[in-house]
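Hi,

Here is the structure I promised to pass on. Have a look at it first, and my notes follow underneath.

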Amino acid sequence: MIATPISSMIDLRSDTVTTPSTQMREAAKTAEVGDDVYHEDPTVDRLQSAVADRLGFEAALYVPSGTMGNQVAVRTHTERGQEVILDKQSHIYKWELGGIAQLSGLQARTIDASPRGIPSPEQISDSYIKQSLHRPGTGLVCLENTHNSRGGLAITPERIDAAAQAAHDFDIPVHLDGARLFNAAVAHDVPAERFTEHIDSVSLCLSKGLGAPVGSVIAGSESFIEQARRVRKLFGGGMRQAGIIAGPALVALENIDRLSTDHTNAQRLADGLARLPDISVTEPETNIVLVDTTRLDWNGEQFLSKCQDVGVLGTEYGEQTARFCTHLDVDRSEIELAIERIQSLIET
Ligand SMILES: *Cc1c(COP(=O)(O)O)cnc(C)c1O
């Protein structure tokens, strides 16, 4: 088999692989900047206000990555030694190098919030620990929407509200890892701020489906963000003339409505792959398609290496699972081509 040249690879590894548009590069070039550690960058301020407004929060803070956004938020809400309640498949627990323990001295209380990754009110009350001489006490509940590891599931605002209510009944704050919150908003056709009505903070990635080159934003109350600004500095995330990247990130906010195109493409990819023999596909709710390779007698890694040979890239997601993610830089014709390429692989 002749290896597919890199240039014609269809890259479905993640929605983070998009490259900045001409308009974004132009925004970088013309951005008005200042030293953001001194809080003097007008473009960063504009970005933070735009996100805070959209999510119904008083204030927001620009951070270099989604991981830092979550870690800063978690640290800001908690005290050393406390427990954090989270789904065992959550990004914060699973994919952030145990950061809550390493950076903030916290203990994870994981729960199995199957199947959708949103803990029920009962799970939250059952996991709550009251502080005592012998027990650390619960300091925070973390939620995630869309839920990445569970296949980009779009949790409803009502489920978020119910979980938040259960936490607040114990006076515990709630952080929402909303790396792809706009995907959930578009999938449910409700404004993003509807999901954040009852939560205390949110983090949001600008560099995924929205296509910004760099950055995430966390949002919350004025006092939360004031404290978070110090934690961001502590974690090394204070940036200087960050308007250079905040400018393109502002342009990225214009891409919210077009996320529906990624969802349609994911649906098309799932339908196309589901028709192939021995492939099982999880019905996508947003821009993530999970493929189960068990019946092919290949593990996820073998399947993906064969996909790569025919020019389609995805990521391994567990032993028998591959993940394909649609985004701004793959159009419908490339999705059709990806299906054809994978078909050629399976039928030979
Ligand atoms: C991608 C992602 C993050 C982390 O974002 P990075 O910018 O890669 O650090 C956090 N949470 C979820 C749910 C994600 O999908």
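Let me start with a quick one: is Glu226 buried or exposed? With a relative accessible area of 58%, Glu226 is exposed, since anything over 50% falls in that class. You'll find Glu226 in helix α9, which covers residues 222-234. Glu226 also has a distant partner in sequence: Ala60 is 166 residues away along the chain, yet the two C-alpha atoms are separated by 9.2 Å.

Before going further, please keep in mind that this is a predicted model.

**The overall picture**

The chain folds into 13 helices and 13 strands. A compact globule of 348 residues would have a radius of gyration near 20 Å, and the chain has 21 Å, so the two agree. Along the principal axes, the C-alpha trace spans about 65 × 50 × 35 Å. Of the 348 residues, 55% count as buried. If you take the contacts between residues at least 6 apart in sequence, 74% of them join residues at least 24 apart.

On the surface side, the accessible area comes to about 15000 Å², and carbon and sulfur atoms account for 47% of that. As for charge, there are 31 positive and 49 negative side chains, with the centres of the two sets 4 Å apart.

**Ser203 and Asn70**

These two are worth viewing together, as they touch each other. Ser203 is in strand β7, residues 201-205, while Asn70 belongs to helix α3, residues 66-77. Ser203 has a relative accessible area of 3%, so it counts as buried. Asn70 is buried too, at 1% relative accessibility.

Setting aside neighbours within four places in sequence, Ser203 is in contact with Gly69, Asn70, His175, Leu176, Asp177, Gly178, Ala179, Val217 and Ile218. On the same terms, Asn70 is in contact with Ile92, Glu96, His175, Asp177 and Ser203. So His175 and Asp177 turn up in the contacts of Ser203 and again in those of Asn70. One more distance for Asn70: Ile225 is 155 residues away in sequence and 13 Å away in space, C-alpha to C-alpha.

**Leu55**

Leu55 is part of helix α2, and at 1% relative accessibility it counts as buried. What does Leu55 touch, not counting residues up to four places away in sequence? The list is Leu181, Phe182, Ala192, Glu193, Thr196, Val202 and Leu204. For Val202, the C-alpha separation from Leu55 is 8.6 Å, with their positions 147 residues apart along the chain.

**Helix α12**

Helix α12 runs over residues 300-309, and Gly300, Phe303, Leu304 and Cys307 are buried in it. Looking down the axis of α12, these buried residues fall within an arc of 95°, so they line one face of the helix. Their cover includes the strands β10 (288-292), β11 (312-313), β12 (315-316) and β13 (321-325), along with helix α13 (332-346).

**Backbone points to check**

Most residues other than glycine have a negative phi, and most peptide bonds are trans. Here are some places that depart from that pattern.

- Ser114 to Pro115: this peptide bond is cis, with omega near 0°. Pro115 sits in the loop between β4 (107-111) and α6 (121-127).
- Asn145 to Thr146: this one is cis as well, with omega near -5°. Thr146 is in the loop between β5 (138-144) and α7 (157-169).
- His39: phi is near 60°, a positive value in a residue other than glycine. His39 is placed in the loop between α1 (22-30) and α2 (42-55), and it is partly exposed, with a relative accessible area of 41%.
- Asp189: phi is positive at about 55°, although Asp189 is not a glycine. The loop that holds Asp189 lies between α8 (181-188) and β7, and at 69% relative accessibility this residue counts as exposed.

That's what I have for now.

Cheers

Technical notes:
Residues numbered from 1 in each chain as written. Predicted model: local features only at pLDDT ≥ 70, side-chain atom pairs only at ≥ 80, totals over all residues. Heavy atoms only, no water. Helix = DSSP H or I, 4+ residues; strand = E, 2+ residues; numbered from the N terminus. Rg over C-alpha atoms; globule rule 2.2 N^0.38 Å. Buried < 20%, exposed > 50% of the residue type's maximum accessible area, 1.4 Å probe, protein only. Contact = heavy atoms within 4.5 Å. Areas by Shrake-Rupley, 256 points an atom, 1.4 Å probe, with all protein chains shown as cover. Lys, Arg positive; Asp, Glu negative; His and termini not counted. Charge placed at Lys NZ, Arg CZ, Asp CG, Glu CD. Arc of directions from axis to C-beta.
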